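Work through the exercises below with the sequence and the model open. Try each task before reading its solution.

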Amino acid sequence: MREKVTRLFVAAAIAEACSWLALLVGMAVKYGPPDNELGVKIFGPIHGGLFVAYALLVLAVARLRRWSLPVTFVALASAVPPFATVLFERWARRRGMLGADREPAREPAPVG
């Protein structure tokens, strides 16, 4: 179950960043020359739902992986700036906070 929740967290981090991009494009169209707010009406609720899903998955992964409070806070705060969820996910993965990404065992090298 821990791996499944972690995979969902990674997917939510990427989806939240993508929805940020779509919302930013929608805002550019709304306030730019086309003056059309359809993009914001479509991508605003999608981004909001993914934001909430990401926050809930942060709390679940933090509990399952026993993250410290500061790390959990940074993970939650990374949902606010655009694309920071992906940066946090990469940082956490490099630190081994998302589980053991073990490399396949190597064959021993012959000696002599």
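**Exercise 1.** Is T6 buried or exposed, and why?

*Solution.* The model is a predicted one.
Step 1: locate the residue. T6 lies in helix α1, which covers residues 2-31.
Step 2: take the relative accessibility of T6, which is 6%.
Step 3: apply the cut-off, by which buried means under 20%. T6 is therefore buried, because its relative accessibility is 6%.

**Exercise 2.** Which residues does T6 touch, leaving out those up to four places away in sequence?

*Solution.* Step 1: set aside the residues up to four places away in sequence.
Step 2: list the contacts that remain, namely V61, R65 and L98.

**Exercise 3.** Place A62 in the fold and describe its surroundings.

*Solution.* Step 1: A62 belongs to helix α2, residues 38-65.
Step 2: its relative accessibility is 8%, so A62 counts as buried.
Step 3: with residues up to four places away in sequence left out, A62 touches W67 and T72.
Step 4: compare sequence and space for A62 and A75. They are 13 residues apart in sequence, and their C-alpha atoms are 9.0 Å apart.

**Exercise 4.** Classify L24 and find the surface patch that includes it.

*Solution.* Step 1: L24 is in helix α1.
Step 2: L24 has 31% relative accessibility and so counts as partly exposed. This class lies between the cut-offs of 20% and 50%.
Step 3: L24 is one of the residues of a nonpolar surface patch, together with L21, V25, M27, V29, Y31 and F83.
Step 4: the accessible area of these patch residues together is about 630 Å².

Key:
Residues are numbered from 1 along each chain as its sequence is written. This is a predicted model: local features need pLDDT of at least 70, side-chain atom pairs count only at pLDDT 80 or more; totals for chains, interfaces and linings use all residues. Side-chain values use heavy atoms; hydrogens and water are left out. Helices (H or I, at least four residues) and strands (E, at least two) are DSSP runs, numbered from the N terminus. Buried means under 20% relative accessible area, exposed over 50%, partly exposed in between (1.4 Å probe, protein chains only). Contact means heavy atoms within 4.5 Å. Patches are made of residues with over 30% relative accessible area and no salt bridge: like charges are joined within 9 Å, nonpolar side chains (Val, Leu, Ile, Met, Phe, Trp, Tyr) within 5 Å. Accessible areas come from the Shrake-Rupley method with a 1.4 Å probe; for residues, only the protein chains shown count as cover. A salt bridge is a side-chain nitrogen of Lys or Arg within 4 Å of a carboxyl oxygen of Asp or Glu.
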